[in-house]
Amino acid sequence: MHELNTDQLEELFGSDNSDFDDSFSDDQTRMDARLGSDRNRSPARMLTSEKFGRIPGLRLLRQGLSHSVQTKLLDTIISAKYFNGATNNQAMHFGDLPQQFQDIGQWAKRDTDLLESIDREPLFDQAILNLYRPGEGIRSHVDLQKFDDGILIVSLLSSCVMIMTPASEAQKHATSYSEEGNLDDGIPILLRPGDVLAMIGPARWDWAHCIPARLVDDVNGDIIQRGSRVSITLRKLNCTTADAIELGHRQ
Ligand SMILES: O=C(O)CCC(=O)C(=O)O
Ligand SMILES: [Fe+2]
């Protein structure tokens with residue numbers, strides 16, 4: 001039985017995050033424990049995400065979500081029993097998203113530069129939740145064309161390395177990508193709990209992403225053990241919900 005309960009959650013929080021810096025939890029500029037409860041406050045300082053020169057449109061806000069927001073999201077996910085059952089590792093929402101997921105989108109748009117070029121209403125109308133047990137991954141893919149530009153991925157509970165690779169041979173040989181050396185192994189992006197990743201433009205359309213199925217990630221010689229990881233991916237459909245049945249990419 002692979003249900004996550006609160007005790008396991010507490011256990012899991014300790015699993016790979018000895019380097020987890022919770023110093024942002026009191027920082028009102030981070031998305032904090034008031035998730036969804038304070039939408040009228042004055043605008044916070046705009047948070048600036050990390051950019052990746054070789055992957056235009058990829059943006060990463062490290063520890064964008066405070067520890068308490070991560071816990072709240074996980075509590076919600078556990079209470080909603082998304083992942084009950086041994087084989088259940090993926091869940092989807094279409095249309096009106098749960099308020100907490102909408103709040104993440106609104107916060108990312110209002111208080112960060114993650115979605116700078118994305119202007120639309122609603123911002124997101126599809127959410128996919130993925131649970132990765134240690135050793136699990138997701139095969140290399142470009143998200144389906146039926147999803148609009150501007151994808152947001154929230155990482156919870158455990159770290160993993162996502163690998164970005166050019167989606168086509170043409171892309172691989174495009175000057176801006178080949179200048180700085182070999183791309184055969186892809187570009188690793190370490191995602192830690194609380195990190196929020198945006199894929200826009202080339203990062204969304206011209207690069208594929210995957211999470212290799214393995215128990216540990218080697219990040220420049222640092223061996224990072226994988227725990228159970230949960231991710232929330234927010235997207236906007238550019239077709240009707242009825243057309244949006246999707247086959248998962250999971251491995
Ligand atoms: O779990 C992740 O971080 C990525 C999920 C993903 O790429 C997808 O569901 O399309
Ligand atoms: Fe994806």
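A residue counts as buried when its relative accessible area is under 20%, as exposed when that area is over 50%, and as partly exposed in between. The exercises below apply this to a predicted model.

**Exercise 1.** Decide whether R59 and E116, which form a salt bridge, are buried, partly exposed or exposed.

*Solution.* Begin with the contact itself: the closest N and O atoms of R59 and E116 are 3.1 Å apart. R59 belongs to strand β2 (residues 58-61), while E116 sits in the loop between α3 (99-111) and β4 (126-132), so this pair ties together parts that are 57 residues apart in sequence. Next, take the accessibilities: R59 has a relative accessible area of 17% and is therefore buried, whereas E116, with 48%, is partly exposed.

**Exercise 2.** Find which residues coordinate the iron ion (ligand 2), and work out which parts of the chain D143 and H209 tie together.

*Solution.* The iron ion (ligand 2) is held at 2.1 to 2.2 Å by H141 (NE2), D143 (OD) and H209 (NE2), and along the chain these donors follow the spacing H-x1-D-x65-H. Because D143 lies in the loop between β5 (138-141) and β6 (151-156) and H209 in strand β10 (residues 207-211), the pair ties together parts 66 residues apart in sequence.

**Exercise 3.** Identify the salt-bridge partner of D143, and classify both residues by accessibility.

*Solution.* D143 forms a salt bridge with R235, their closest N and O atoms being 2.6 Å apart. R235 lies in strand β13 (residues 229-235), 92 residues from D143. With a relative accessibility of 4%, D143 counts as buried, and R235, at 3%, likewise counts as buried.

Terms used:
Residues are numbered from 1 along each chain as its sequence is written. Chains are lettered from A and ligands numbered from 1 in the order in which they are written. This is a predicted model: local features need pLDDT of at least 70, side-chain atom pairs count only at pLDDT 80 or more; totals for chains, interfaces and linings use all residues. Side-chain values use heavy atoms; hydrogens and water are left out. Donors are N, O and S atoms within 2.8 Å of the metal (3.2 Å for Na, K and Ca); water is not among the atoms, so sites may look incomplete. Helices (H or I, at least four residues) and strands (E, at least two) are DSSP runs, numbered from the N terminus. A salt bridge is a side-chain nitrogen of Lys or Arg within 4 Å of a carboxyl oxygen of Asp or Glu. Buried means under 20% relative accessible area, exposed over 50%, partly exposed in between (1.4 Å probe, protein chains only).
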